[in-house]
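Hi everyone, thanks for coming. Today I'd like to walk you through one structure, starting with its ligand and ending with its cysteines. Please have a look at it first.

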Amino acid sequence: MKPRSVLAILVAIILACFFSAGCSKPPEPQKDKAPSVAEKTAGSLTLFSWWTAGGEAEGLAELIKLFEKENPDVKVVNAAVAGGAGTNAKAVLKTRMLGGDPPETFQVHGGAELIDTWVKPGLMLPVQKVLDDNGWQGKFPASLLDMVSSNGQVYAIPANIHWGNALWINKKLIDENKLPPPENFDQWLSACKTLKAKSITPIAIGSRNKWPVLHLFESLLLSTAGPELYSDLFAGKAGWKDPKVGEALRRLAALMELANTDHAALTWDQACALVKDGKAAMTIMGDWANGYFKTQGWVPGVDYDAAAVPGTAGRFMVITDTFGVPKGAKNKEAAFAFLKAVGSAQGQLAFNLKKGSIPARIDVPSEQFDAISKKTMESFKTDVLVPSCAHGSAVREQFVTALSDQLSVFINEKDVAKALDALDFAAKDSELGQ
Ligand code: GAL
(Lines give C-alpha, C1' and ligand atoms only; values in the text may rest on other atoms or scores of the structure.)
Protein backbone atom coordinates (compact mmCIF):
# COMPACT_ATOMS: atom_id res chain seq x y z
CA MET A 1 0.00 0.00 0.00
CA LYS A 2 1.16 3.48 -0.87
CA PRO A 3 2.02 5.78 2.10
CA ARG A 4 -0.71 8.20 1.00
CA SER A 5 -3.39 5.48 1.20
CA VAL A 6 -2.16 4.46 4.68
CA LEU A 7 -2.54 8.08 5.85
CA ALA A 8 -6.04 8.34 4.37
CA ILE A 9 -7.13 5.13 6.17
CA LEU A 10 -5.74 6.40 9.50
CA VAL A 11 -7.56 9.75 9.19
CA ALA A 12 -10.79 7.88 8.38
CA ILE A 13 -10.41 5.64 11.44
CA ILE A 14 -9.78 8.62 13.75
CA LEU A 15 -12.78 10.53 12.38
CA ALA A 16 -15.01 7.44 12.65
CA CYS A 17 -14.01 6.95 16.30
CA PHE A 18 -14.57 10.60 17.11
CA PHE A 19 -18.08 10.77 15.67
CA SER A 20 -19.18 7.31 16.76
CA ALA A 21 -18.39 8.33 20.37
CA GLY A 22 -20.71 11.25 19.82
CA CYS A 23 -18.04 13.73 20.80
CA SER A 24 -18.52 17.06 19.21
CA LYS A 25 -15.86 18.51 21.54
CA PRO A 26 -13.03 16.95 23.54
CA PRO A 27 -13.99 15.53 26.99
CA GLU A 28 -13.72 17.86 30.02
CA PRO A 29 -10.48 17.40 31.89
CA GLN A 30 -11.16 15.57 35.18
CA LYS A 31 -9.75 18.31 37.35
CA ASP A 32 -12.38 20.85 36.24
CA LYS A 33 -15.21 18.71 37.60
CA ALA A 34 -16.15 19.59 41.19
CA PRO A 35 -16.30 16.39 43.27
CA SER A 36 -19.55 15.67 45.04
CA VAL A 37 -19.60 15.60 48.86
CA ALA A 38 -19.77 11.81 48.75
CA GLU A 39 -16.70 11.65 46.48
CA LYS A 40 -14.77 13.99 48.74
CA THR A 41 -15.38 12.07 51.96
CA ALA A 42 -15.29 8.58 50.44
CA GLY A 43 -12.62 6.25 51.72
CA SER A 44 -12.16 5.54 55.36
CA LEU A 45 -12.21 7.35 58.67
CA THR A 46 -9.97 6.03 61.40
CA LEU A 47 -11.56 7.05 64.67
CA PHE A 48 -9.32 6.90 67.72
CA SER A 49 -10.53 6.78 71.32
CA TRP A 50 -10.43 4.63 74.46
CA TRP A 51 -14.13 4.09 74.69
CA THR A 52 -14.51 0.35 75.12
CA ALA A 53 -16.11 -0.02 78.57
CA GLY A 54 -19.84 -0.11 79.37
CA GLY A 55 -21.55 3.20 78.60
CA GLU A 56 -18.64 4.76 76.76
CA ALA A 57 -18.66 2.09 74.02
CA GLU A 58 -22.41 2.55 73.54
CA GLY A 59 -21.99 6.34 73.32
CA LEU A 60 -19.30 5.98 70.67
CA ALA A 61 -21.51 3.58 68.71
CA GLU A 62 -24.19 6.29 68.56
CA LEU A 63 -21.73 8.78 67.04
CA ILE A 64 -20.58 6.22 64.50
CA LYS A 65 -24.17 5.38 63.58
CA LEU A 66 -24.99 9.01 62.94
CA PHE A 67 -21.82 9.58 60.95
CA GLU A 68 -22.42 6.49 58.80
CA LYS A 69 -25.97 7.60 58.09
CA GLU A 70 -24.74 10.90 56.75
CA ASN A 71 -21.60 9.57 55.09
CA PRO A 72 -22.60 6.17 53.68
CA ASP A 73 -19.53 5.96 51.43
CA VAL A 74 -17.03 6.22 54.25
CA LYS A 75 -15.81 3.11 56.02
CA VAL A 76 -15.36 3.82 59.75
CA VAL A 77 -12.38 2.12 61.34
CA ASN A 78 -12.99 2.11 65.09
CA ALA A 79 -9.42 2.16 66.41
CA ALA A 80 -10.35 2.34 70.11
CA VAL A 81 -7.65 1.16 72.50
CA ALA A 82 -9.03 -0.24 75.79
CA GLY A 83 -8.00 1.26 79.12
CA GLY A 84 -9.96 3.88 81.09
CA ALA A 85 -8.95 7.53 80.83
CA GLY A 86 -6.68 6.69 77.91
CA THR A 87 -4.17 4.75 80.03
CA ASN A 88 -3.02 2.79 76.99
CA ALA A 89 -4.57 4.80 74.18
CA LYS A 90 -2.56 7.96 74.77
CA ALA A 91 0.74 6.14 74.26
CA VAL A 92 -0.54 4.46 71.08
CA LEU A 93 -1.78 7.79 69.79
CA LYS A 94 1.61 9.37 70.38
CA THR A 95 3.32 6.60 68.41
CA ARG A 96 0.88 7.04 65.54
CA MET A 97 1.09 10.85 65.52
CA LEU A 98 4.86 10.97 65.65
CA GLY A 99 5.25 8.00 63.31
CA GLY A 100 3.38 9.70 60.46
CA ASP A 101 0.26 7.56 60.83
CA PRO A 102 -2.27 9.83 62.52
CA PRO A 103 -5.90 8.79 62.67
CA GLU A 104 -8.40 11.08 60.90
CA THR A 105 -9.68 12.22 64.29
CA PHE A 106 -9.11 11.38 67.93
CA GLN A 107 -10.65 11.80 71.36
CA VAL A 108 -8.77 14.37 73.41
CA HIS A 109 -9.56 16.26 76.62
CA GLY A 110 -10.00 19.99 76.29
CA GLY A 111 -7.39 22.08 78.09
CA ALA A 112 -3.70 21.24 78.46
CA GLU A 113 -4.01 17.77 76.91
CA LEU A 114 -5.22 19.24 73.63
CA ILE A 115 -3.39 22.55 73.64
CA ASP A 116 0.01 21.69 75.17
CA THR A 117 0.41 18.19 73.81
CA TRP A 118 -0.90 18.64 70.27
CA VAL A 119 -1.73 22.23 69.29
CA LYS A 120 1.40 24.05 70.48
CA PRO A 121 3.76 21.62 68.69
CA GLY A 122 1.81 22.50 65.51
CA LEU A 123 0.21 19.11 64.92
CA MET A 124 -3.48 20.07 64.74
CA LEU A 125 -5.70 21.87 62.23
CA PRO A 126 -7.99 24.68 63.35
CA VAL A 127 -11.62 23.59 63.21
CA GLN A 128 -13.42 26.93 63.58
CA LYS A 129 -15.00 26.33 60.18
CA VAL A 130 -17.10 23.49 61.63
CA LEU A 131 -18.74 26.05 63.93
CA ASP A 132 -19.02 28.69 61.18
CA ASP A 133 -20.30 26.42 58.40
CA ASN A 134 -23.04 25.04 60.63
CA GLY A 135 -24.10 28.30 62.25
CA TRP A 136 -23.05 27.05 65.69
CA GLN A 137 -21.83 30.37 67.07
CA GLY A 138 -23.12 30.72 70.63
CA LYS A 139 -24.14 27.07 70.85
CA PHE A 140 -21.24 26.04 73.11
CA PRO A 141 -20.48 27.70 76.48
CA ALA A 142 -17.59 30.17 76.27
CA SER A 143 -15.87 28.38 79.19
CA LEU A 144 -15.76 25.20 77.12
CA LEU A 145 -14.62 26.87 73.90
CA ASP A 146 -11.78 28.42 75.90
CA MET A 147 -10.60 24.92 76.76
CA VAL A 148 -10.31 23.99 73.07
CA SER A 149 -8.85 27.26 71.83
CA SER A 150 -5.39 28.68 71.42
CA ASN A 151 -4.49 32.11 70.02
CA GLY A 152 -8.12 32.78 69.19
CA GLN A 153 -8.47 29.59 67.11
CA VAL A 154 -10.72 26.63 67.97
CA TYR A 155 -8.96 23.26 67.64
CA ALA A 156 -11.54 20.67 68.67
CA ILE A 157 -15.29 20.19 68.94
CA PRO A 158 -16.53 19.27 72.44
CA ALA A 159 -18.69 16.16 72.55
CA ASN A 160 -19.75 16.45 76.17
CA ILE A 161 -19.23 17.67 79.69
CA HIS A 162 -18.42 15.09 82.33
CA TRP A 163 -18.87 15.81 86.04
CA GLY A 164 -15.76 14.59 87.85
CA ASN A 165 -16.36 15.14 91.58
CA ALA A 166 -19.18 12.66 91.93
CA LEU A 167 -19.86 10.12 94.67
CA TRP A 168 -22.02 7.17 93.53
CA ILE A 169 -24.02 5.19 96.04
CA ASN A 170 -25.80 1.87 96.08
CA LYS A 171 -29.16 3.14 97.36
CA LYS A 172 -30.23 -0.12 98.92
CA LEU A 173 -27.10 -0.42 101.07
CA ILE A 174 -27.16 3.23 102.10
CA ASP A 175 -30.91 3.27 102.85
CA GLU A 176 -30.84 -0.03 104.74
CA ASN A 177 -28.13 1.38 106.96
CA LYS A 178 -30.02 4.67 107.43
CA LEU A 179 -27.07 6.81 106.45
CA PRO A 180 -27.90 10.45 105.75
CA PRO A 181 -26.02 12.05 102.81
CA PRO A 182 -22.66 13.21 104.24
CA GLU A 183 -22.08 16.94 103.89
CA ASN A 184 -18.46 17.06 104.90
CA PHE A 185 -15.50 14.78 105.14
CA ASP A 186 -15.98 13.88 108.81
CA GLN A 187 -19.59 12.82 108.26
CA TRP A 188 -18.48 10.83 105.24
CA LEU A 189 -15.75 9.09 107.21
CA SER A 190 -18.10 8.23 110.03
CA ALA A 191 -20.67 6.79 107.55
CA CYS A 192 -17.89 4.68 106.05
CA LYS A 193 -16.88 3.44 109.48
CA THR A 194 -20.47 2.48 110.29
CA LEU A 195 -20.58 0.41 107.11
CA LYS A 196 -17.23 -1.19 107.77
CA ALA A 197 -18.36 -2.18 111.29
CA LYS A 198 -21.17 -4.10 109.59
CA SER A 199 -18.69 -5.83 107.27
CA ILE A 200 -19.78 -3.79 104.22
CA THR A 201 -16.96 -2.42 102.08
CA PRO A 202 -17.64 1.33 102.21
CA ILE A 203 -15.72 2.43 99.14
CA ALA A 204 -14.90 0.71 95.86
CA ILE A 205 -11.72 1.74 94.07
CA GLY A 206 -10.00 0.25 91.04
CA SER A 207 -6.35 1.30 91.12
CA ARG A 208 -5.01 -1.21 88.60
CA ASN A 209 -4.41 1.85 86.45
CA LYS A 210 -3.08 4.77 88.42
CA TRP A 211 -5.56 7.45 87.35
CA PRO A 212 -8.57 6.53 89.58
CA VAL A 213 -6.46 7.41 92.65
CA LEU A 214 -5.58 10.78 91.12
CA HIS A 215 -9.25 11.17 90.22
CA LEU A 216 -10.17 10.70 93.89
CA PHE A 217 -7.31 12.88 95.11
CA GLU A 218 -8.21 15.87 92.93
CA SER A 219 -11.74 15.94 94.40
CA LEU A 220 -10.27 15.78 97.90
CA LEU A 221 -7.88 18.58 96.97
CA LEU A 222 -10.80 20.63 95.67
CA SER A 223 -12.55 20.12 99.00
CA THR A 224 -9.57 21.05 101.20
CA ALA A 225 -8.06 23.80 99.04
CA GLY A 226 -11.15 25.36 97.45
CA PRO A 227 -11.29 26.34 93.78
CA GLU A 228 -8.84 29.23 93.98
CA LEU A 229 -5.93 27.43 95.61
CA TYR A 230 -6.72 24.34 93.51
CA SER A 231 -6.24 26.38 90.33
CA ASP A 232 -3.19 28.23 91.70
CA LEU A 233 -1.46 24.95 92.50
CA PHE A 234 -1.74 23.75 88.91
CA ALA A 235 -0.86 27.17 87.54
CA GLY A 236 2.39 27.18 89.52
CA LYS A 237 1.19 30.13 91.62
CA ALA A 238 1.12 28.22 94.92
CA GLY A 239 3.56 25.77 96.45
CA TRP A 240 2.68 22.09 96.71
CA LYS A 241 3.87 21.84 100.29
CA ASP A 242 0.77 23.78 101.31
CA PRO A 243 -0.99 22.30 104.41
CA LYS A 244 -4.20 21.99 102.36
CA VAL A 245 -2.41 19.55 100.05
CA GLY A 246 -1.23 17.66 103.15
CA GLU A 247 -4.81 17.47 104.40
CA ALA A 248 -6.02 16.12 101.03
CA LEU A 249 -3.32 13.43 101.25
CA ARG A 250 -4.38 12.48 104.77
CA ARG A 251 -7.99 12.16 103.60
CA LEU A 252 -6.86 10.01 100.69
CA ALA A 253 -4.98 7.72 103.07
CA ALA A 254 -8.03 7.43 105.34
CA LEU A 255 -10.34 6.53 102.44
CA MET A 256 -7.93 3.98 101.01
CA GLU A 257 -8.10 2.19 104.39
CA LEU A 258 -11.84 1.86 103.80
CA ALA A 259 -11.58 0.61 100.22
CA ASN A 260 -11.85 -2.90 98.83
CA THR A 261 -8.63 -4.76 99.60
CA ASP A 262 -8.28 -5.92 95.97
CA HIS A 263 -8.33 -2.36 94.56
CA ALA A 264 -4.91 -2.81 92.92
CA ALA A 265 -6.34 -5.58 90.74
CA LEU A 266 -9.43 -3.75 89.48
CA THR A 267 -10.23 -1.26 86.73
CA TRP A 268 -12.66 1.66 87.18
CA ASP A 269 -15.60 -0.24 85.77
CA GLN A 270 -14.84 -3.31 87.88
CA ALA A 271 -14.93 -1.02 90.94
CA CYS A 272 -18.33 0.26 89.77
CA ALA A 273 -19.42 -3.35 89.42
CA LEU A 274 -18.72 -3.89 93.13
CA VAL A 275 -21.22 -1.13 93.92
CA LYS A 276 -23.70 -2.50 91.43
CA ASP A 277 -23.41 -6.03 92.88
CA GLY A 278 -23.90 -4.79 96.44
CA LYS A 279 -20.31 -5.65 97.39
CA ALA A 280 -19.43 -2.03 98.16
CA ALA A 281 -21.59 0.92 99.12
CA MET A 282 -20.02 3.79 97.16
CA THR A 283 -17.43 4.82 94.62
CA ILE A 284 -15.93 8.08 93.43
CA MET A 285 -15.92 8.42 89.65
CA GLY A 286 -16.79 10.77 86.83
CA ASP A 287 -20.32 10.44 85.48
CA TRP A 288 -19.25 7.95 82.84
CA ALA A 289 -20.16 5.72 85.83
CA ASN A 290 -23.76 6.76 85.14
CA GLY A 291 -23.41 5.41 81.59
CA TYR A 292 -21.88 2.23 82.97
CA PHE A 293 -24.59 1.62 85.58
CA LYS A 294 -27.29 2.05 82.97
CA THR A 295 -25.74 -0.56 80.69
CA GLN A 296 -25.97 -2.91 83.68
CA GLY A 297 -29.72 -2.37 83.83
CA TRP A 298 -29.54 -0.19 86.92
CA VAL A 299 -32.10 2.59 87.25
CA PRO A 300 -30.84 6.04 88.31
CA GLY A 301 -32.60 7.39 91.39
CA VAL A 302 -33.93 3.91 92.20
CA ASP A 303 -30.92 1.60 92.37
CA TYR A 304 -28.24 4.24 92.62
CA ASP A 305 -27.73 7.94 93.07
CA ALA A 306 -24.99 10.54 92.92
CA ALA A 307 -23.94 13.53 95.01
CA ALA A 308 -20.97 15.85 95.01
CA VAL A 309 -17.95 14.38 96.81
CA PRO A 310 -18.48 15.67 100.40
CA GLY A 311 -16.92 19.11 100.74
CA THR A 312 -17.18 19.93 97.02
CA ALA A 313 -20.83 21.00 96.72
CA GLY A 314 -21.13 24.08 94.51
CA ARG A 315 -17.88 23.20 92.72
CA PHE A 316 -17.76 21.35 89.42
CA MET A 317 -14.75 19.36 88.24
CA VAL A 318 -14.98 19.74 84.48
CA ILE A 319 -13.92 17.04 82.06
CA THR A 320 -14.66 17.48 78.39
CA ASP A 321 -14.11 14.92 75.65
CA THR A 322 -13.47 16.59 72.34
CA PHE A 323 -12.47 15.63 68.79
CA GLY A 324 -9.89 17.37 66.63
CA VAL A 325 -8.22 16.82 63.28
CA PRO A 326 -4.47 16.19 63.08
CA LYS A 327 -2.62 17.93 60.26
CA GLY A 328 -1.48 14.62 58.78
CA ALA A 329 -5.01 13.16 58.54
CA LYS A 330 -5.32 11.46 55.16
CA ASN A 331 -9.06 11.93 54.74
CA LYS A 332 -9.62 15.41 56.09
CA GLU A 333 -13.06 15.78 54.52
CA ALA A 334 -14.25 12.71 56.42
CA ALA A 335 -12.61 13.97 59.61
CA PHE A 336 -14.46 17.28 59.38
CA ALA A 337 -17.67 15.43 58.59
CA PHE A 338 -17.20 13.44 61.81
CA LEU A 339 -16.70 16.64 63.81
CA LYS A 340 -19.98 17.84 62.34
CA ALA A 341 -21.72 14.72 63.69
CA VAL A 342 -20.07 15.24 67.10
CA GLY A 343 -21.18 18.87 67.33
CA SER A 344 -24.68 18.43 65.94
CA ALA A 345 -27.60 18.64 68.37
CA GLN A 346 -28.66 15.16 67.25
CA GLY A 347 -25.19 13.70 67.87
CA GLN A 348 -24.89 15.34 71.29
CA LEU A 349 -28.26 13.95 72.35
CA ALA A 350 -27.70 10.38 71.17
CA PHE A 351 -24.12 10.22 72.46
CA ASN A 352 -24.64 11.77 75.89
CA LEU A 353 -27.76 9.79 76.74
CA LYS A 354 -25.58 6.68 76.59
CA LYS A 355 -22.34 8.17 77.87
CA GLY A 356 -23.67 9.49 81.18
CA SER A 357 -22.35 12.98 80.46
CA ILE A 358 -24.33 16.10 79.57
CA PRO A 359 -24.27 17.76 76.15
CA ALA A 360 -21.61 20.36 75.55
CA ARG A 361 -24.15 22.38 73.55
CA ILE A 362 -26.54 24.59 75.44
CA ASP A 363 -29.51 24.04 73.11
CA VAL A 364 -30.00 20.27 73.40
CA PRO A 365 -33.37 19.48 75.03
CA SER A 366 -32.98 17.95 78.49
CA GLU A 367 -36.27 15.97 78.67
CA GLN A 368 -34.80 12.60 77.79
CA PHE A 369 -31.99 12.80 80.36
CA ASP A 370 -32.28 11.17 83.78
CA ALA A 371 -32.58 13.14 87.02
CA ILE A 372 -28.85 12.86 87.77
CA SER A 373 -27.88 14.36 84.40
CA LYS A 374 -30.56 17.04 84.67
CA LYS A 375 -29.12 18.10 88.02
CA THR A 376 -25.63 18.08 86.50
CA MET A 377 -26.85 20.45 83.76
CA GLU A 378 -28.01 22.88 86.45
CA SER A 379 -24.80 22.54 88.45
CA PHE A 380 -22.70 23.30 85.39
CA LYS A 381 -24.56 26.59 85.03
CA THR A 382 -24.30 27.68 88.66
CA ASP A 383 -21.22 26.01 90.21
CA VAL A 384 -17.65 27.25 90.27
CA LEU A 385 -15.95 25.36 87.43
CA VAL A 386 -12.47 23.89 87.79
CA PRO A 387 -10.61 21.75 85.25
CA SER A 388 -9.71 18.16 86.07
CA CYS A 389 -6.05 17.25 86.40
CA ALA A 390 -6.58 13.47 86.26
CA HIS A 391 -8.26 13.94 82.87
CA GLY A 392 -5.66 16.20 81.36
CA SER A 393 -7.30 19.62 81.42
CA ALA A 394 -5.68 21.44 84.35
CA VAL A 395 -2.03 20.89 83.64
CA ARG A 396 0.33 19.41 81.10
CA GLU A 397 1.03 15.72 80.88
CA GLN A 398 4.44 15.68 82.56
CA PHE A 399 2.94 16.79 85.87
CA VAL A 400 -0.15 14.60 85.57
CA THR A 401 2.14 11.58 85.22
CA ALA A 402 4.39 12.68 88.09
CA LEU A 403 1.40 13.26 90.37
CA SER A 404 -0.11 9.87 89.49
CA ASP A 405 3.20 8.13 90.12
CA GLN A 406 3.68 9.82 93.49
CA LEU A 407 0.14 9.06 94.61
CA SER A 408 0.53 5.39 93.80
CA VAL A 409 3.62 5.34 96.03
CA PHE A 410 1.74 7.32 98.69
CA ILE A 411 -1.24 4.98 98.97
CA ASN A 412 1.17 2.22 99.96
CA GLU A 413 3.52 4.17 102.22
CA LYS A 414 1.05 6.79 103.55
CA ASP A 415 3.97 9.10 104.31
CA VAL A 416 2.50 12.61 103.96
CA ALA A 417 5.75 14.54 104.50
CA LYS A 418 7.59 12.47 101.90
CA ALA A 419 4.73 12.84 99.40
CA LEU A 420 4.63 16.62 99.86
CA ASP A 421 8.36 16.83 99.15
CA ALA A 422 7.93 14.68 96.06
CA LEU A 423 4.98 16.75 94.76
CA ASP A 424 6.86 19.96 95.39
CA PHE A 425 9.84 18.62 93.46
CA ALA A 426 7.60 17.40 90.60
CA ALA A 427 5.88 20.80 90.36
CA LYS A 428 9.23 22.59 90.09
CA ASP A 429 10.59 20.00 87.68
CA SER A 430 7.52 20.39 85.45
CA GLU A 431 7.95 24.19 85.52
CA LEU A 432 4.26 24.73 86.22
CA GLY A 433 2.95 28.02 84.94
CA GLN A 434 5.65 28.43 82.29
C1 GAL B 1 -12.09 9.86 80.86
C2 GAL B 1 -12.95 10.29 79.69
C3 GAL B 1 -14.31 9.72 79.80
C4 GAL B 1 -14.29 8.24 80.12
C5 GAL B 1 -13.27 7.90 81.20
C6 GAL B 1 -13.08 6.42 81.45
O7 GAL B 1 -10.80 10.33 80.72
O8 GAL B 1 -13.01 11.68 79.66
O9 GAL B 1 -15.02 9.96 78.61
O10 GAL B 1 -14.09 7.58 78.98
O11 GAL B 1 -12.03 8.46 80.91
O12 GAL B 1 -12.55 5.77 80.36
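**Around the ligand**

Let's begin with the neighbours: 13 residues surround the ligand, and the closest are Glu56, His109, Asp321, Lys355 and His391. Please keep in mind that this is a predicted model.

What kinds of residues make up this shell? Sorted by class, six of the residues around the ligand are nonpolar, four are polar and three are charged.

Now let's look at some polar contacts. In the side chain of Asp321, an N or O atom lies 2.6 Å from an oxygen atom of the ligand. Lys355 also has a side-chain N or O atom 2.6 Å from a ligand oxygen. Then there is His162, where a polar side-chain atom is 3.4 Å from an oxygen atom of the ligand. How much of the ligand does the protein cover? On its own, the ligand has 300 Å² of accessible area, and the protein covers 100% of that.

And where does the ligand sit? You'll find the ligand in the largest cavity.

**And the cysteines?**

Let's turn to Cys192 and Cys272. How many disulfides does the model have? The cut-off to remember is that the two cysteine sulfur atoms must be within 2.5 Å. By this rule, the count is zero.

Why does Cys192 not form one? Its closest cysteine sulfur belongs to Cys272 and is 16 Å away, so the gap is too far for a bond. Looking from the other side, the closest cysteine sulfur to that of Cys272 is in Cys192, again at 16 Å and too far for a bond.

Are these two buried or exposed? Cys192 is buried, with a relative accessible area of 0%. Cys272 counts as buried too, at 1% relative accessibility.

That's my tour, so thanks for listening!

Key: Residues numbered from 1 in each chain as written. Predicted model: local features only at pLDDT ≥ 70, side-chain atom pairs only at ≥ 80, totals over all residues. Heavy atoms only, no water. Buried < 20%, exposed > 50% of the residue type's maximum accessible area, 1.4 Å probe, protein only. Near = heavy atom within 4 Å. Polar contact = N/O pair within 3.5 Å; in protein donor to acceptor, adjacent residues only side chain to side chain. Areas by Shrake-Rupley, 256 points an atom, 1.4 Å probe, with all protein chains shown as cover. 1 Å grid on protein atoms, 1.4 Å probe; cavity = no way out; pocket = protein on both sides within 12 Å on 5 of 7 lines; lining within 4 Å. Sits in = over half its atoms within 2 Å of the grid points. Nonpolar A, V, L, I, M, F, W, Y, C, P; charged D, E, K, R; others polar.
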